[in-house]
Amino acid sequence: MPQIPSTPLSYHDAAPILEALAGPAVPHDWQGALPFAYHIGGSGSVKVHMLLKQDFAYRDIWDVIGKIPGTEWPNDWVVAGNHRDAWVYGAVDPNSGTAAMLEAVHGIGELLKTGWKPKRTIVFGSWDAEEEGLIGSTEWAEDNAAALAHAAAYFNTDVGVAGPNFDSAAVPSLKDFVREVTKEVPSPKGGNVYDQWKKSQSEGESRRHSTDEHMGKGAHQNSDVEIGDLGSGSDYTPFIQHLGVPSTDIGSSGPYGVYHSVFDNYNWFIKNADPTFVYEQQQARVFGIEVLHMADTDVLPYDYVTYGKEITEYLDAAKKKADDAKVSGLDFAPAVAAAKRFTTAAEAVHKKQQNIPANPTELNTQLRQVEGDMLSSAGLPNRPWFKHTIYAPGEYTGYAAVVIPGVNEAIDAKDSSRGSAQLTALTEAINRAASTLEAAAK
């Protein structure tokens with residue numbers, strides 16, 4: 001058994017472990033400077049005795065909150081946030097996002113000086129302890145759960161700028177909202193952000209959903225730019241998956257090989273990510289306009305037609321997966337019927353949203369309730385804190401989103417009893433949301 005020193009490991013301390021590995025030889029570029037051939041590791045057993053020393057202690061954490069009271073719907077908050085703690089220096093993650101958020105705050109401050117005031121209350125949050133389990137945002141969201149039950153949206157940024165390729169993840173009801181916002185912001189490459197976003201996707205340049213763990217690939221209903229689904233790994237998690245607040249996440253990505261390391265520093269940022277800070281300006285504008293539009297819109301701009309179509313796509317895919325995995329006893333028909341009912345009601349509501357009523361308060365309340373209807377009070381099996389029936393980070397996927405997670409994870413486990421129960425919970429959630437939409441359409 002290789003004996004490893006109890007002091008912190010150095011490069012040469014690791015030599016006994018590396019030398020003990022058998023298996024295939026590493027690629028040529030992986031060979032290091034130690035005087036033996038490196039191997040990837042084979043089927044043989046190598047035991048390592050490792051002594052871990054951790055600094056376990058209580059620490060104070062600090063969320064910094066700024067609030068601008070709304071004039072017409074002060075209880076309907078628009079929340080925007082970014083964390084500021086980092087594993088080391090965090091130039092990209094999260095300070096590029098913090099810089100963009102603070103510049104958006106600066107711009108809104110200038111508007112306030114002109115006499116403008118938002119119709120809805122705007123709340124900016126600088127979250128602490130995100131890298132330690134999303135603690136800052138989660139504690140704040142749980143403490144403010146009652147107020148957030150009717151918050152219009154939560155807008156997140158995190159890895160604000162790691163390169164020139166804009167991308168986003170969002171709940172389906174806000175995907176088109178994000179697209180419309182990006183059409184209003186100029187791109188450093190020319191045209192607007194939306195144009196360059198679409199171009200980068202069509203050319204295969206934008207890979208945020210694969211290179212940044214915070215975002216996941218989403219269902220795609222048309223030829224428009226693709227927007228990912230919300231999994232976890234950033235501060236939108238408590239808002240959407242625990243409290244059902246409609247959420248988005250934005251960033252601008254590129255080759256980012258220094259994630260969570262000491263090399264994610266200012267020097268790397270100005271040499272690689274954004275040397276002239278033009279993408280920082282872009283992200284500040286997108287973030288700020290998201291906030292302004294949601295704060296001042298008369299009718300909340302949720303797109304539930306797309307939501308319904310994506311749910312139907314998720315159900316079709318899950319049914320095929322169950323058939324392929326030979327998991328029997330799952331009746332998808334009630335859930336599919338509920339999704340159809342939801343989409344039909346959403347189409348009727350969409351027409352009503354185009355004709356603003358004299359007093360849109362009741363309509364907005366109903367529109368906002370729909371996302372909350374997607375929560376299950378029991379939560380997901382094995383992790384009841386996650387209550388959203390449509391989106392969750394997977395049990396075994398890290399940050400990546402799993403859609404209709406209760407159902408899909410039961411299929412993965414080949415547990416038809418659990419799958420049947422989760423289909424029932426999902427159907428009930430979709431029908432609750434459909435009932436709300438039907439009432440809104442009257």
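Where is Lys326 found? Select Lys326 to begin, and you will see that this residue sits in the loop between α11 and α12. The model you have open is a predicted one, and the values in this tour are computed from it.

**First stop: two loops and a helix end to compare**

While Lys326 is still selected, look at its backbone, where phi is near 60°, a positive value in a residue other than glycine. Lys326 counts as exposed, because its relative accessibility is 74% and the word is used for values over 50%.

Now select Phe277, which lies in the loop between α9 (266–273) and α10 (278–296). Phe277 also has a positive phi, of about 65°, although it is not a glycine. With a relative accessible area of 32%, Phe277 is partly exposed.

Next, select Asp323 in helix α11, a residue that is partly exposed with a relative accessible area of 47%. If you add Ile411 to the selection, you have a pair that is 88 residues apart in sequence, while their C-alpha atoms are 9.6 Å apart in space.

**Second stop: a cis peptide bond**

Move to helix α2 (residues 91–113), where Pro94 has its place. Show the backbone of Asp93 together with that of Pro94, and look at the bond between them: it is a cis peptide bond, with omega at about 15°.

**Third stop: the strands around β8**

Select strand β8, residues 247–253, and show the rest of the structure around it. Is β8 enclosed or open? Seven of its seven residues are buried, so β8 is largely enclosed by the rest of the structure. Side chains in a regular strand alternate between the two faces of the sheet, and it is worth colouring the two sides separately here. On one side of β8 are Ser247, Asp249, Gly251 and Ser253, on the other are Thr248, Ile250 and Ser252, and both of these faces are covered.

Add strand β4 (residues 153–161), which runs parallel to β8 and is joined to it by five bridges. To find where the two strands meet, select Phe155, which stands opposite Thr248 in β8, and then Asn156, which stands opposite Asp249 in β8. Strand β4 is itself largely enclosed by the rest of the structure, because nine of its nine residues are buried.

Strand β5 (residues 165–170) also pairs with β8, but in the antiparallel sense and over six bridges. Select Phe166 to see one place where they pair, since its bridge partner in β8 is Ser252.

From β4 you can also step to strand β2 (residues 73–83), which runs parallel to β4 and is joined to it by four bridges. Here the pair to select is Val79 and Tyr154, the latter being the bridge partner of Val79 in β4.

**Fourth stop: the nonpolar cores**

Which residues touch the most other members of the largest nonpolar core? Select Leu148 and Phe342, which hold that place in a core of 86 residues. Helix α11 (residues 304–324) gives the largest share of this core, with eight residues.

Keep Phe342 selected and show what surrounds it. Leaving aside neighbours within four places in sequence, Phe342 is in contact with Tyr304, Tyr307, Gly308, Val370, Met374, Ile430, Ala433, Ala434 and Leu437. Another core, of eleven residues, lies apart from the largest one, and you can find it by selecting Ala162, Val258, Phe269 and Ala273, which are among its members.

**Last stop: two pockets**

Turn on a surface display and select Val299, Leu300, Pro301, Tyr302 and Gln354, which are the closest to the centre of the largest pocket among the 17 residues that line it. About 350 Å³ of space lies in this pocket. The elements that give two or more residues to its lining are α5 (175–182) and α12 (333–353), and α5 gives the most, with four residues. Sorted by class, the lining of the largest pocket has seven nonpolar, five polar and five charged residues.

To finish, select Arg59, Ile61, Ala129, Glu132 and Ile135, which lie nearest the centre of the second largest pocket, itself lined by 13 residues. This second largest pocket holds about 270 Å³ of space. Its lining has seven nonpolar, no polar and six charged residues.

Notes:
Residues numbered from 1 in each chain as written. Predicted model: local features only at pLDDT ≥ 70, side-chain atom pairs only at ≥ 80, totals over all residues. Heavy atoms only, no water. 1 Å grid on protein atoms, 1.4 Å probe; cavity = no way out; pocket = protein on both sides within 12 Å on 5 of 7 lines; lining within 4 Å. Points joined across faces, edges and corners; volume = space filled by probe spheres on them. Nonpolar A, V, L, I, M, F, W, Y, C, P; charged D, E, K, R; others polar. Core = buried A, V, L, I, M, F, W, Y, C linked by side-chain atoms within 4.5 Å. Buried < 20%, exposed > 50% of the residue type's maximum accessible area, 1.4 Å probe, protein only. Contact = heavy atoms within 4.5 Å. Pairing = 2+ DSSP bridges.
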